[in-house]
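Visitor: I would like to walk through this structure with you, one question at a time. Shall we begin?

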Amino acid sequence: MAEKTDVPSIAVLGSINMDLVATTDRRPVPGETVLGTGFAMVPGGKGSNQAIAAQRAGGAVQFLGAVGDDVFAAELRRALTDSSVGVEQLRTVAGPSGVAAIVVDGGGENSIIVVGGANTRMTELTEADLAAIAAADILLCQLEIPLDTVAAAARHARANDTTVLLNPSPVQHLPAELWANVDVAVVNSGEAEQLGADLDPVAHVVVTRGADGAVYRGPDGRQLSQPSPRVEVVDTTGAGDTFTGALAAAWHRGPEWALTWAGAAGALATTKLGASTSIPTEEEISAALTTK
């Protein structure tokens with residue numbers, strides 16, 4: 001376990017949504033209606049999930065994002081503060097907060113539709129946002145907010161010696177300038193295949209492979225493979241975000257340890273329903289590694 005003085009400061013720039021989660025024995029095919037077995041509203045969003053995961057896994061996190069002025073806003077904000085994530089840079093904008101409609105089948109696999117809402121209004125960075133990025137050890141971003149904002153944040157981070165960790169999801173074409181400012185990319189196997197050579201300029205690339213663990217490629221071509229702990233899967237929603245947040249929290253201890261730490265966190269996240277509610281604590285991750 002890292003000492004108190006060894007806690008990395010992490011600025012997470014990204015989305016925050018209310019996840020509307022329906023469970024069913026099997027997901028419907030187009031045009032079909034199936035009966036559900038349960039329903040829950042769970043705070044989520046890739047940015048928020050990764051912020052909570054990084055905080056619980058041992059980081060000191062500030063969240064940069066936006067909620068609307070609707071009925072979901074207070075609960076979304078509370079989800080961050082309840083996990084001790086800093087919300088000084090969480091702004092409120094007119095209109096709805098982001099939402100995600102999620103269907104989880106009996107095998108724990110999911111289908112997700114995201115409606116950006118307030119997240120789409122993150123079109124510029126304030127002076128306070130820029131200061132938070134410059135002061136952080138790591139800037140962690142995803143692609144559920146406007147791309148220009150992510151690019152500006154990465155550029156500012158690079159200028160201030162802040163490590164940039166990008167989870168380029170939802171996967172899309174990115175400008176060369178953004179890739180040039182990324183130090184660490186975290187992708188799943190499907191995203192890695194779609195991005196292909198776009199990942200070549202990135203010094204550190206981590207590819208997650210679900211139950212098969214993760215693979216790391218370093219700047220010297222060195223590769224590491226980390227198997228995933230075997231667990232009883234309930235819901236895979238948010239497992240990738242948990243892995244990414246935990247990786248950010250452990251990155252200062254080196255890629256090998258970070259991969260091990262993140263792998264345990266991601267596996268534990270699949271053992272409960274929901275995204276933010278399934279994210280393990282530092283103590284739970286440590287215990288899982290001790291008993292493995």
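Visitor: How many of the residues of β10 are buried?
Guide: Good place to start, and please keep in mind that this is a predicted model. A residue is called buried when its relative accessible area is under 20%. β10 has 5 residues and is mostly covered, the number of buried ones being 4.

Visitor: Which strand is joined to β10 by 5 bridges?
Guide: β10 pairs in the parallel sense with β9, residues 163–166, over 2 bridges. The 5 bridges belong to another parallel pairing, in which V184 stands opposite H204. H204 lies in the strand spanning residues 204–208, which is β11.

Visitor: What is the hand of the β-α-β crossover from β10 to β11?
Guide: The two strands run parallel. Between them the chain passes through α6. Seen with the strands pointing away from the viewer, a clockwise path counts as right-handed, and this crossover is right-handed.

Visitor: Which residue of β10 is the bridge partner of L166?
Guide: Let us take the β9 side of the pairing, which is parallel. L165 has V184 as its bridge partner in β10. For L166, the partner is A185.

Visitor: Through which helix does the chain cross from β8 to β9?
Guide: β8, residues 138–141, runs parallel to β9, and 4 bridges join them. One opposing pair is I138 and T163. The β-α-β crossover linking these strands is right-handed, and its helix, residues 147–159, is α4.

Visitor: Is D161, in the loop between α4 and β9, buried or exposed?
Guide: D161 has a positive phi, near 60 degrees, in a residue other than glycine. Its relative accessible area is 71%. The cut-off for this class is over 50%, so D161 is exposed.

Visitor: And S84, what is its relative accessible area?
Guide: S84 sits in the loop between α2 (73–81) and β5 (86–92). Here too phi is positive in a residue other than glycine, near 65 degrees. S84 is exposed, with a relative accessible area of 53%.

Visitor: Which residue does a cis peptide bond join to S169?
Guide: Follow the chain into the loop between β9 and α5 (176–180), where a proline has its place. The omega angle of the bond is about 0 degrees. The residue joined to S169 is P170.

Visitor: Which element gives the largest share of the lining of the largest pocket?
Guide: This pocket holds about 1,100 Å³ of space. Its lining has 48 residues, with T236, G238, A239, G240 and D241 lying nearest the centre. Elements that give two or more residues include β2 (17–24), β10 (184–188), α6 (189–195) and α8 (255–269). The largest share, 5 residues, comes from α7.

Visitor: How many residues of that lining are polar?
Guide: The lining divides into three classes, and glycine is counted among the polar residues. There are 18 nonpolar and 8 charged residues in the lining of the largest pocket. The polar ones number 22.

Visitor: What is the radius of gyration of the protein chain?
Guide: The chain comes to 9 helices and 13 strands, and 53% of its 292 residues count as buried. Its C-alpha trace spans about 50 × 45 × 40 Å along the principal axes. A compact globule with 292 residues would have a radius of gyration near 19 Å, and the chain agrees with that, having 18 Å.

Technical notes: Residues are numbered from 1 along each chain as its sequence is written. This is a predicted model: local features need pLDDT of at least 70, side-chain atom pairs count only at pLDDT 80 or more; totals for chains, interfaces and linings use all residues. Side-chain values use heavy atoms; hydrogens and water are left out. On a 1 Å grid over the protein atoms alone, a cavity is a set of points where a 1.4 Å probe fits but cannot get out, and a pocket is an open set with protein on both sides within 12 Å along at least five of seven lines; lining residues have an atom within 4 Å of a point. Grid points are joined across faces, edges and corners, and a volume is the space filled by probe spheres set on the points. Buried means under 20% relative accessible area, exposed over 50%, partly exposed in between (1.4 Å probe, protein chains only). Two strands pair if DSSP finds at least two bridges between them. The radius of gyration is taken over C-alpha atoms; the globule rule is 2.2 Å times the number of residues to the power 0.38.
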